[in-house]
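Reader: Please give me a close look at one part of this model, beginning with a single strand and its surroundings, and then follow the side-chain contacts elsewhere that deserve careful reading. I would like one connected account rather than a list.

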Amino acid sequence: MIPHSVEKIGGTSMAATSTVFDNVLIAGREGADLYNRIFVVSAYAGMTDLLLEHKKSGKPGVHAHFIRNETPGDWRSALADVMGAMWARNAEMFDRADSRREADAFVAARIAALEACLDDLDRLRAHGRFCLKEQMTTVREMLAGLGEAHSAHSTALMLRDRGVDAVFVDLTLWDHEDMRSLDGRIEEALGPIDLATQMPIVTGYAGCEGGMVRRYARGYSEMTFSRIAVLTQAREAIIHKEFHLSSADPRVVGEQVARKIGRTNYDVADQLANLGMEAIHPRAGRGLRQSGIPLRVRNTFDRHDDGTLICGDYASEAPRVEIVTGLSSVQALQVFEQDMVGEKGYDAAILDTLARHGAWIVSKSSNANTITHYLSGTDAKQMAAIVADIEAKWPGATVTIQPVAMVSVIGSDLNEPGLVPRALLALAQAGIGMIAMQHQIRNVDVQFIVAVEDFDPAVRVLHQALVEGAEATPRQREAA
């Protein structure tokens, strides 16, 4: 059997349809060379925002309108907007009128089924005697799957128009009596497909026990991608994104100095995932690492570049900084209790509180009587509840919250003498004050805590000192 790859195409890349066909799906291949590839596709950019809510701004989509029900009927208008957006996308993509009509009919049928379901729930909750909490969670799952169903169905149609034997693999559909595991659903769907002669186009969302959105939030398509690679024993897993995995955000440091990483390991990928960077969902990366499957991150718009290869056993030939990144805004939750010294249980109790409130812990530090957690994505309401719980447990404690930024210097091996002093000197010379710093013994990352307004300048300064100047000799560095 010829080894196959499993490849995921992100939403922004999917929206650049002609580029995806020219650089990824076909990319000059003919005949047998087109096959032995499984593609997992995300929804077209913006579609999931319309279906759920905007990922960054929080602007309500169909789901948010339906759940809040502030203005009766708003969810219907939002759902009509989704159909309009999907039909508009089809109009841009399809050359053959028959294929476009088939794609439009597919969208209309799916949305009609969703509308009928939401209509039933809307009438039921109007009685006021029913608690529909579980059903509301299911609504989110159903809506999430619509975006991927649209993109996968349309992609398979367009490939067939180009003479490729593409198979639309729809993992989104399920019913109450068929809530099997994700692995079971994947194995059943891919079992009949001959990879040597057929190209599966698989929905990134899969209806399965536990719910994909509930378990993995907006990272569900990467879990589907990862499990397919593991279950089919792929030779390589590939993610196609709209950018290279670079030494820093080109928009911050400049495209002319940002460098493609090229090679790294899953340890670095874990650090990036912890910071919320879209390399790969941490649980998806875990499955690939444990199965010994290398992950390649490629730039959809750079067809001839091999991208960055992530392997479990990679170690750089010499210590080096691979990426300077971070979070421009985190909350530093500091708990000071004079009686903490010598006592056990404080740390566990704080962690329990943070877990109950769903806080994402990026990092933490402690000394004799102070424990600090750096939290990401925690809103004011959550923070107030967390502080109230901690103060209730320890009335004598001083609990403070401080907005800060975290700049993280990451590499598979940072065991370079003088790296941290060089970083500190660069920050000091740039007039950037450091609030705190953390350096782990494993030498995989160093975290610099700075003021929120200093985030971009700190990334630029550290990138210049540790990446751009990495090839300079110590004497050259001293002269600089």
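Author: Two strands are taken to pair when DSSP finds at least two bridges between them. The model is a predicted one, and with that in mind, the strand to begin with is β4. Strand β2, residues 37–41, runs parallel to β4 and is joined to it by three bridges, and strand β3, residues 166–169, likewise runs parallel to β4, with four bridges between them. Within these pairings, Val-41 is placed opposite Thr-203 of β4, while Phe-168 has Ile-201 of β4 as its bridge partner.

The burial of β4 can be read residue by residue. Met-199, Ile-201 and Thr-203 on one side, and Pro-200 and Val-202 on the other, are all buried, which leaves both faces of the strand covered. Because five of the five residues of β4 (residues 199–203) are buried, the strand is largely enclosed by the rest of the structure.

The loop between α2 (17–25) and β2 holds Asn-36, which is buried at a relative accessible area of 12%. Beyond its neighbours within four places in sequence, Asn-36 touches Ile-2, Pro-3, His-4 and Ser-5, and also Leu-195 and Ala-196.

Another buried polar residue is found in helix α7 (residues 133–161), where Ser-154 lies with a relative accessibility of 1%. Its side chain makes a polar contact of 3.4 Å with the side chain of Asn-90, and once neighbours within four places in sequence are set aside, the residues in contact with Ser-154 are Tyr-44, Asn-90, Met-93, Phe-94 and Ala-103.

Charged pairs offer a further view, and a search of the whole structure finds 22 salt bridges. In one of them, the side chains of Asp-119 and Arg-76 meet with an N to O distance of 2.4 Å. Since Asp-119 belongs to helix α6 (residues 97–126) and Arg-76 to helix α5 (residues 74–93), this pair ties together parts that are 43 residues apart in sequence. Asp-119 also meets Arg-123 in a salt bridge of 3.3 Å, N to O, and these two residues lie four residues apart in α6, about one turn of the helix. Arg-76, Glu-115, Asp-119, Asp-120 and Arg-123 are linked in a network of salt bridges. As for accessibility within that network, Asp-119 stands at 21%, Arg-76 at 32% and Arg-123 at 49%; since the partly exposed class lies between 20% and 50%, Asp-119, Arg-76 and Arg-123 count as partly exposed.

Helix α5 also carries a salt bridge within itself, between Arg-89 and Glu-92, whose closest N and O atoms are 3.9 Å apart. Being three residues apart in α5, the two are separated by about one helical turn; Arg-89 is buried at 15% relative accessible area, whereas Glu-92 is exposed at 61%.

A last residue to consider is Asn-274, in helix α12 (residues 266–274), which is partly exposed at 21%. Apart from neighbours within four places in sequence, Asn-274 is in contact with Trp-360, Ile-361 and Val-362, and a polar atom of its side chain lies 2.9 Å from the backbone oxygen of Val-362.

Technical notes. Residues are numbered from 1 along each chain as its sequence is written. This is a predicted model: local features need pLDDT of at least 70, side-chain atom pairs count only at pLDDT 80 or more; totals for chains, interfaces and linings use all residues. Side-chain values use heavy atoms; hydrogens and water are left out. Buried means under 20% relative accessible area, exposed over 50%, partly exposed in between (1.4 Å probe, protein chains only). Contact means heavy atoms within 4.5 Å. A polar contact is a pair of N or O atoms within 3.5 Å; within protein, one must be able to donate a hydrogen and the other to accept it, and residues adjacent in sequence count only if both atoms are side-chain atoms. A salt bridge is a side-chain nitrogen of Lys or Arg within 4 Å of a carboxyl oxygen of Asp or Glu.
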